[in-house]
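Hello,

I am handing over the structure we talked about, so that you can look around it yourself. Below it you will find some notes on what turned up.

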Amino acid sequence: AALAAQEGLGIPLNQENAFIWAHDPEACFQAFAQKRERYDAAICPNDVIAVSFSNFCRKIGVRVPEELFIASFGGMQLSRFARPSVTTTTMDDFQVGQQAVAVWHFLRENYGTGMAMKISVPSHIIPRASTAFLPDDASAAPAADGQTYKIGICQLVQHPALDAATQGFKDALTEEFGDAVQFDEQNAQGDSNTCSTIINSFVSEGTDLILANATAALQAAQAGTSDIPVLGTSVTEYGVALGIDDFNGTVGNNISGTSDLAPLDEQAAMLQELFPDAKNVGLLYCTAEANSQYQVDTVQAALEKLGYTCTQYGFSDSNDLSSVATTAADASDVLYVPTDNTVANNTELVNNICEPKKVPIIAGEEGICSGCGVATLSIDYYDLGVATGKMAVQVLKGEANISEMPIEYAPQFTKEYDADR
């Protein structure tokens, strides 16, 4: 297909320019290497082969894209996170699904007739570094001093609180630097392993600063670099998140940031204010989130001092959230949910379980409260992001040493209620 396309473009190619393997692509790569001087570019049949071939070229001293362009097909995430990232071609998956249904109907209606059906799906090219592609904003005007900045943003998952923090961070930096700051914003879709992949890509690209939005992102950044400045946000307790004993408020090294820790004893007091006659309080949280564990332990101690019987209901991930939430709702008069990212990303599920059972939820932050809670004592995550952005400005302009910057906390907290739930 590639040969036919090249012929259609008037580029002289023949079968000698196709390197085909039966079992081991390494043999194909070696055959290409023997004729390397003939070519300025290579087209691979899929992204997996393209990344493998790019790594092979590096081993034999061929620089991509300086000496050889590489392009591929498939649009896989692998091509995005490879170094260099791979130019690829992708199709609209929705239209692929539509065409699949159309083929199914065609085959059902014409079974046994010998008729054939040809389908086509529009595709588009995603240009990346393997063909020396520079983004449209790469030529953005520099700051007054000629300096430009590239910021990597790793956000654990998409939900209102984290989204607001990211937006506040970007707005603060854009206000200061204008077009001289560029953002590479990546979402890990709730997967801590993907956080590590994203951070590693930022390190390979040599970003000037990394924003780690949520605990898992911060932990990945801690493991991924000791050189690039890292600012965390939407992280409750840095000592717990980073395994620092006797944490004194300053992480040191290349990490600082902002905390979304609300006064947990006041959240417990809020629960008592609203539900003084309740007896059993369930604490629902994800056991994979260290800061969630810290919060429920702290709130449980405060509630028990107030005379409540507390039970922790921990789930490992979103797959068992439904069953654990059901158990918690059946056994509790009221539930407490901390600033837990997994719950925040599944508030509708939790609400559909608890609301019919008439079990109210006190939430650790306003995003969770709006989705399934009745009340919260929360910070403003946009303002928290702005505060983090202002810290980034200080670091980038050399006005502060990140190793000496203490963790900053939200200046105020707001009681919020959902009268309709």
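**Salt bridges**

Glu176 and Lys397 form a salt bridge, in which the closest N and O atoms are 2.9 Å apart. Please keep in mind as you read that this is a predicted model. The two partners come from distant parts of the chain, 221 residues apart: Glu176 belongs to helix α6 (residues 160-177), while Lys397 is in the loop between α16 (381-396) and β15 (408-409). Glu176 has a relative accessible area of 39%, so it is partly exposed. Lys397 also counts as partly exposed, because its relative accessibility is 39%. The pair does not stand alone, since Glu176, Lys397 and Glu399 are linked in a network of salt bridges.

How many salt bridges does a search of the whole structure find? The search finds seven. One of them joins the side chains of Lys415 and Glu273, at 3.1 Å from N to O. This is another link between distant parts of the chain, with Lys415 in strand β16 (residues 414-417) and Glu273 in helix α10 (residues 264-274), 142 residues apart. Lys415 is partly exposed at 42% relative accessibility, and Glu273 is partly exposed with a relative accessible area of 46%.

A further salt bridge is found between Glu67 and Arg63, where the closest N and O atoms are 3.4 Å apart. Glu67 has 32% relative accessibility and so counts as partly exposed.

**Aromatic rings**

A pair of aromatic rings is described by the distance of the centres and the angle of the planes. The count of aromatic pairs comes to eight. In one of them, the ring centres of Phe19 and Phe32 are 5.5 Å apart and the planes stand at 75 degrees; planes over 60 degrees apart count as edge-to-face, so this pair is edge-to-face. Phe19 is in the loop between α1 (2-8) and α2 (25-34), and Phe32 is in helix α2, so the pair links distant parts of the chain, 13 residues apart. Is Phe32 buried or exposed? Phe32 counts as buried, because its relative accessibility is 7%.

Phe19 has a second edge-to-face partner in Tyr39, with 6.0 Å from centre to centre and 85 degrees between the planes. Because Phe19 lies in the loop between α1 and α2 and Tyr39 in the loop between α2 and β1 (41-43), this pair ties together parts that are 20 residues apart in sequence. Tyr39 counts as buried at 11% relative accessibility.

If you want to see the wider picture, select Phe19, Phe29, Phe32, Tyr39, Phe53 and Phe56, which ring pairs link into a cluster. Elsewhere, a ring meets a charge: the charged end of Lys170 sits over the ring of Phe183, 5.8 Å from its centre.

**Strands**

Where is Ser234 in all this? Ser234 lies in strand β8 (residues 230-235). At 5% relative accessibility, Ser234 is counted as buried. Its C-alpha atom is separated by 9.5 Å from that of Thr166, although the two residues are 68 residues apart along the chain.

Strand β8 pairs with β9 in the parallel sense, over four bridges. Within this pairing, Val235 has Ser259 in β9 as its bridge partner. Five of the five residues of β9 (residues 255-259) are buried, so the strand is largely enclosed by the rest of the structure. Strand β9 also pairs with β15 in the parallel sense, over two bridges, and there Thr258 stands opposite Glu408.

In a regular strand the side chains alternate between the two faces of the sheet. Strand β14 (residues 375-378) is covered on both faces, with Ala375 and Leu377 buried on one side and Thr376 and Ser378 buried on the other. Strand β14 runs parallel to β13 (residues 361-363), and two bridges join them. Ala363 has Thr376 in β14 as its bridge partner.

**A patch on the surface**

Finally, have a look at Val48, Met76 and Leu78, which form a nonpolar patch on the surface with about 220 Å² of accessible area together. Met76 is placed in the loop between β2 (69-71) and α4 (77-81). Its relative accessibility is 36%, so Met76 counts as partly exposed.

Enjoy exploring, and best wishes

Note on methods: Residues are numbered from 1 along each chain as its sequence is written. This is a predicted model: local features need pLDDT of at least 70, side-chain atom pairs count only at pLDDT 80 or more; totals for chains, interfaces and linings use all residues. Side-chain values use heavy atoms; hydrogens and water are left out. Rings of Phe, Tyr and Trp (its six-membered ring) pair if their centres lie within 6.5 Å; planes under 30 degrees apart count as stacked, over 60 as edge-to-face and the rest as tilted. Buried means under 20% relative accessible area, exposed over 50%, partly exposed in between (1.4 Å probe, protein chains only). A charge sits over a ring if NZ of Lys or CZ of Arg is within 6 Å of the ring centre and within 35 degrees of the ring normal. Patches are made of residues with over 30% relative accessible area and no salt bridge: like charges are joined within 9 Å, nonpolar side chains (Val, Leu, Ile, Met, Phe, Trp, Tyr) within 5 Å. Accessible areas come from the Shrake-Rupley method with a 1.4 Å probe; for residues, only the protein chains shown count as cover. A salt bridge is a side-chain nitrogen of Lys or Arg within 4 Å of a carboxyl oxygen of Asp or Glu. Two strands pair if DSSP finds at least two bridges between them.
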